[in-house]
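This briefing goes through a single chain by topic, from its overall make-up to its cores, one of its sheets and one chosen residue. Please read it alongside the sequence and the coordinates shown here.

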Amino acid sequence: MANDPTALPHLRPALRRPAWLGRAAGRVAAVVVAAAGSMICAASPVAARAPSPYTKVDSVGDVSIRRGDVTRIRVEHDGPWVQLQFWARVGSNPVTSLSWREGTTRAIWDIEVEGDRDVDFRAVADTTSAGDYHGTVDNVTGGTAACAAEAGFFDGRAYSLTFRRACIGNPARLRVRLDFAFDASVVAGRPVTHDLVPNRGRWSDPISHDPPPPSVSVGRGSSAVNGSDCTSLDCSWLSISYSNLPNGNHSYSCNTANGASFWSGTTYRNGGRVSGSNGSGELWCYADASAFGGVFVVIDGQYRSNTASW
Ligand SMILES: [Ca+2]
Ligand SMILES: [Ca+2]
């Protein structure tokens, strides 16, 4: 049944069956169609003004309270997370500081994801009078809570908020602006300061999401002994799993380590198109990989897998 030429009429005759199965390597060489250039992995460039992680230095002394004086911010939104961080000239532990617990000290991050400079989300780190230091993300446009955030304090003077990118709609780009409000009135009778980063309430540069690189992995699938003319006990279908590919349908080629492309297709063995950014299954190709130094797959002519051998 498998690799029956009549089941795959759209394939070119030379590729309808793995002609080298159970045959000499010299037979394989006759159907080589893969070119070395097709195996080069070339991820498409991401248009962006600033990559993630993004950092911006802030003026020292632009507010009168050293504990309220931000020196820099850092924004990262790689993988499934967003992390917002800033460093103050002098730290104050949010769990124990009266300025946080009794005063109005809080870090307010405005987030803009649509490119129109109107605030879309607001992430806030704050402490209750009981010393519960916590983070929240609100949807400003909808006036609703979006998700909780993990609030952190580190380096003795740095603060962070971490939450899932999905909370703000997995944007390809975002901009931020920080307002660090520090309340020294409860301990020193000093005013509440606001250190803005960037200064004057401007937005940061657009910060691009850096998607994880495409990954394609192949291995030995179920037995294909007696499929077509494959009689070796090591003859197996090629299993595949992939992630972070572009969306849409994919094509693939199955190749041997010694340079032969012995099959190409677009569907799984058990039906269904190879498509989407993530997926897994068994491809329409099988091999006794040891006879050829291993086998590998190239998706869309550019995303190459590991070389599987057994
Ligand atoms: Ca500052
Ligand atoms: Ca500032």
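The chain has three helices and 19 strands, and the model that shows them is a predicted one. Of the 310 residues in the chain, 35% are buried, and among the contacts with a separation of 6 or more, 61% join residues that stand 24 or more positions apart.

**Confidence**

- The mean pLDDT of the chain is 85, with 85% of the residues reaching 70 or more.
- Over residues 1-48, by contrast, the pLDDT is below 50, although this stretch has 73 contacts in the model beyond near neighbours in sequence.
- Where pLDDT is low, the predicted coordinates should not be read in detail.

**Nonpolar cores**

- The largest nonpolar core has 33 residues, and those with the most contacts inside it are Val70, Phe86, Trp109, Ala123, Leu161 and Leu178.
- At least two residues of this core come from each of the strands β3 (70-76), β4 (81-88), β5 (106-112), β6 (121-127), β8 (144-154), β9 (158-164) and β10 (173-183).
- A second core, separate from that one, has 30 residues, including Val218, Ile240, Ala260 and Val274.
- When neighbours within four places in sequence are left aside, Trp109 is in contact with Leu84, Arg122, Ala123, Leu161, Val176 and Leu178; among these partners, Ala123, Leu161 and Leu178 are also listed with the residues that have the most contacts inside the largest core.
- In soluble globular proteins, nonpolar side chains tend to be buried together.

**A four-stranded sheet**

- Four strands form an open sheet with antiparallel pairing, and their order is β16-β15-β18-β19.
- The edges of this sheet are β16 (261-265) and β19 (303-304), each of which pairs on one side only.
- Within the sheet, β15 (residues 252-256) and β18 (residues 295-299) pair in the antiparallel sense over five bridges, and Thr256 stands opposite Val295 of β18.
- Strands of a sheet pair through backbone hydrogen bonds, either parallel or antiparallel.

**Tyrosine 303**

- Tyr303 lies in strand β19, which is one of the edge strands of the open sheet.
- Is Tyr303 buried or exposed? Tyr303 counts as buried because it has 22 C-beta neighbours inside 10 Å, where the cut-off for a buried residue is 20 or more.
- The C-alpha atom of Tyr303 is separated by 9.7 Å from that of Tyr242, a residue 61 positions away along the chain.

Key: Residues numbered from 1 in each chain as written. Chains lettered and ligands numbered in written order. Predicted model: local features only at pLDDT ≥ 70, side-chain atom pairs only at ≥ 80, totals over all residues. Pairing = 2+ DSSP bridges. Core = buried A, V, L, I, M, F, W, Y, C linked by C-beta atoms within 7 Å. Buried ≥ 20, exposed ≤ 12 C-beta atoms within 10 Å, placed from the backbone. Contact = placed C-beta atoms within 7 Å. pLDDT = per-residue confidence, 0-100.
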